[in-house]
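Hi,

Here is the structure I promised to pass on to you. Open it first, have a look around, and then read my notes below.

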2 protein chains.
Amino acid sequence: MPAETAGRPAPRRTTLSKETVLRTAVALADEAGTGVPSMRRLAERLGVEAMSLYHHFRNKDLILDGMVDLVFGEIELPPDDVDWRTSMRRRAVSMRGALIRHPWAISLMDSRKNPGHATLRHHDAVIGRLRSGGFSIAGAAHAFSVLDSYVYGFTLQELSLPFTSSAGLEDTADSILKQLPRDEFPHLTEMITDHALKPGYAYTEEFGIGLDLILDGLQRRRESWP
Amino acid sequence: MPAETAGRPAPRRTTLSKETVLRTAVALADEAGTGVPSMRRLAERLGVEAMSLYHHFRNKDLILDGMVDLVFGEIELPPDDVDWRTSMRRRAVSMRGALIRHPWAISLMDSRKNPGHATLRHHDAVIGRLRSGGFSIAGAAHAFSVLDSYVYGFTLQELSLPFTSSAGLEDTADSILKQLPRDEFPHLTEMITDHALKPGYAYTEEFGIGLDLILDGLQRRRESWP
DNA sequence: GGTTTTACCCTTACGGCGTAAGTGCAGAGA
DNA sequence: TCTCTGCACTTACGCCGTAAGGGTAAAACC
């Protein structure tokens with residue numbers, strides 16, 4: 001196999017595999033703000049014409065399926081060497097991390113219908129760990145549902161925030177406040193001025209607070225669920 | 001003003017207002033499966049050319065902003081004549097309803113940055129009801145975050161299910177099971193066969209179970225949050 | 001009534017999208 | 001050597017959002 005030439009186009013002897021295409025697609029999607037790449041852009045990055053991709057994937061949806069599955073593959077499976085609660089907590093934190101590293105993924109998930117191998121393995125492991133932690137089948141279903149809903153929803157909101165750092169928060173909140181009719185939305189303005197703008201506030205910490213609340217509830221119900 | 005002619009085009013004397021455009025856009029988006037309409041399709045429904053819309057909205061994003069705000073306007077504000085817990089529960093149920101009636105909305109929310117008037121009013125009312133229910137500012141922030149995360153996340157997953165009725169569930173689950181390597185994903189198959197396929201199972205009920213779990217947790221923490 | 005202004009709506013055009021259909025070429029097996 | 005087969009390429013179509021500018025009917029003024 002020839003070494004990659006220094007120039008633009010990738011060496012055109014090794015055939016492009018599904019693997020390569022998907023990895024490149026994910027990398028491209030991660031690059032700032034561009035979102036999911038078009039077939040043309042993806043092909044260009046691979047040193048190939050757009051239509052060549054259709055020899056490996058019947059249509060773009062299958063590429064998106066593959067990309068989502070790669071993201072699922074990055075989520076830490078719930079470990080077995082700690083109690084179920086710690087295990088679920090670590091899985092949730094890892095999941096949030098993956099969704100934040102790949103902000104395009106969460107918007108894709110709701111349109112994807114064909115779970116990939118990594119996705120199935122992930123789901124199976126989570127259910128398995130809940131079962132071994134003492135949850136009944138129904139209980140595991142409830143736990144899985146509430147946990148995943150929370151992680152998805154929290155991350156969805158987090159990603160839509162127009163800032164990343166807490167310095168950015170200050171600027172944004174300030175400019176929002178300026179436009180906000182103070183007397184029409186008193187509670188909202190109060191919350192922004194007295195809470196979100198307080199030094200040391202970090203939205204990130206909210207994640208753990210809600211997560212622990214849910215884990216508490218699960219612990220309390222674990223044995224009463226049929 | 002002339003009466004509407006029997007033919008296709010809407011009467012072209014009344015000028016089209018933002019209101020009309022947004023309402024039509026929402027109605028069009030709700031129609032089965034089509035998703036958010038293109039500018040051309042939206043204009044066509046209004047009996048107008050696509051470019052005419054740009055006299056009322058600087059670009060399509062502003063239309064999407066308006067559509068999302070209309071959806072927020074449909075969510076029941078938390079009532080004052082019941083205890084905070086019931087009030088929050090009703091709001092959550094109403095919110096889920098709105099998001100399900102307008103399945104395109106949730107995917108739009110993560111990309112929208114400019115909250116509309118109805119959205120702000122909604123947020124203000126929720127925070128206000130939590131405060132009057134005895135939550136501190138920080139407590140209200142925590143409660144709002146965990147509740148909204150759950151509602152968003154649950155609905156997001158619910159919408160991505162490939163079936164609507166529980167009869168549809170049965171068919172889908174069956175066909176999934178057939179493709180699933182039983183021995184590789186034992187817990188997943190077990191859950192589908194022994195739980196999801198049990199008569200009387202309705203995914204919808206999951207929503208209330210998780211919601212009540214969260215509300216319990218909030219009740220327990222309400223007074224300890226600074 | 002006549003004129004001007006204003007408010008909308010229309011036409012045309014551009015570059016980008018996903019992908020259907022068909023062509024060309026290089027390596028493997030006979 | 002020749003054919004076959006797999007992969008990449010070319011061309012083209014009908015969508016999309018929207019920039020730029022032209023046309024006209026109602027309203028406002030004299």
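**How the two chains meet**

Chain B and chain A bury about 4800 Å² between them, and carbon and sulfur atoms give 66% of that area. Before you go further, please keep in mind that this is a predicted model.

In terms of residues, 55 from chain B are in contact with 55 from chain A. Four salt bridges cross the interface of chain B and chain A. You can look one of them up yourself: B:R221 pairs with A:D216, and their closest N and O atoms are 2.1 Å apart. There are also 14 residue pairs in polar contact between chain B and chain A, counting pairs with both residues at pLDDT 80 or more.

Which parts of chain B give two or more residues to the side that touches chain A? They are α5 (105-109), α6 (117-132), α7 (137-160), α9 (186-196) and α10 (203-221) of chain B. The largest share comes from α7(B), with 17 residues. Sorted by class, that side of chain B has 27 nonpolar, 14 polar and 14 charged residues.

**DNA strand C**

Now to the DNA. There are 16 residues around DNA strand C, and A:R40, A:Y54, A:K60, B:S52 and B:H55 come nearest. So you will find names from chain A and from chain B in that list, as DNA strand C has A:R40 and B:S52 among its nearest residues. Of the atoms of DNA strand C that come within 4 Å of the protein, sugar and phosphate account for 51%.

Three side chains of chain B are good places to zoom in:

- B:S52 has a side-chain N or O atom 2.6 Å from a phosphate oxygen of DNA strand C.
- B:H56 also points to the phosphate part, with a side-chain N or O atom 2.9 Å from a phosphate oxygen of DNA strand C.
- B:H55 has a base nitrogen of DNA strand C as its partner, at 2.6 Å from an N or O atom of the side chain.

Which helix gives the most to the surface near DNA strand C? That is helix α2 (residues 39-45) of chain A, with three residues. By class, this surface has six nonpolar, six polar and four charged residues.

**DNA strand D**

Around DNA strand D there are 17 residues, and A:E49, A:S52, B:R40, B:Y54 and B:K60 come nearest. Sugar and phosphate account for 54% of the atoms of DNA strand D that come within 4 Å of the protein.

Here, too, I picked out three side chains of chain B, and each has a phosphate oxygen as its partner:

- B:Y54 has a polar side-chain atom 2.6 Å from a phosphate oxygen of DNA strand D.
- B:S38 has one 2.8 Å from a phosphate oxygen of DNA strand D.
- B:R41 has one 3.4 Å from a phosphate oxygen of DNA strand D.

For this strand, helix α2 (residues 39-45) of chain B gives the largest share of the nearby surface, three residues. The surface near DNA strand D divides into six nonpolar, six polar and five charged residues.

**Inside chain A**

The domain assignment of chain A gives domain 1 (18-57) and domain 2 (72-221). Their C-alpha centres lie 29 Å apart. How many residues of each are in contact? Four residues of domain 1 of chain A touch four of domain 2 of chain A.

The two domains of chain A bury about 340 Å² between them, with carbon and sulfur atoms giving 73%. On the domain 1 side, A:V26, A:D30 and A:V36 lose the most area, together 80% of what that side buries. The rule finds zero salt bridges across this interface, but it does find two residue pairs in polar contact, both residues being at pLDDT 80 or more. By class, the side of domain 1 of chain A that touches domain 2 has three nonpolar, no polar and one charged residues.

**Salt bridges overall**

Over all chains, the count comes to 28 salt bridges. One in chain A is worth finding on screen: the side chains of A:E31 and A:R45 meet at 3.2 Å, N to O. This pair links distant parts of the chain, 14 residues apart, with A:E31 in the loop between α1 (18-30) and α2 of chain A and A:R45 in helix α2 of chain A.

Have fun looking around!

Conventions
Residues numbered from 1 in each chain as written. Chains lettered and ligands numbered in written order. Predicted model: local features only at pLDDT ≥ 70, side-chain atom pairs only at ≥ 80, totals over all residues. Heavy atoms only, no water. Polar contact = N/O pair within 3.5 Å; in protein donor to acceptor, adjacent residues only side chain to side chain. Helix = DSSP H or I, 4+ residues; strand = E, 2+ residues; numbered from the N terminus. Nonpolar A, V, L, I, M, F, W, Y, C, P; charged D, E, K, R; others polar. Domains from an automatic or database assignment. Contact = heavy atoms within 4.5 Å. Buried area = accessible area lost by both parts, 1.4 Å probe.
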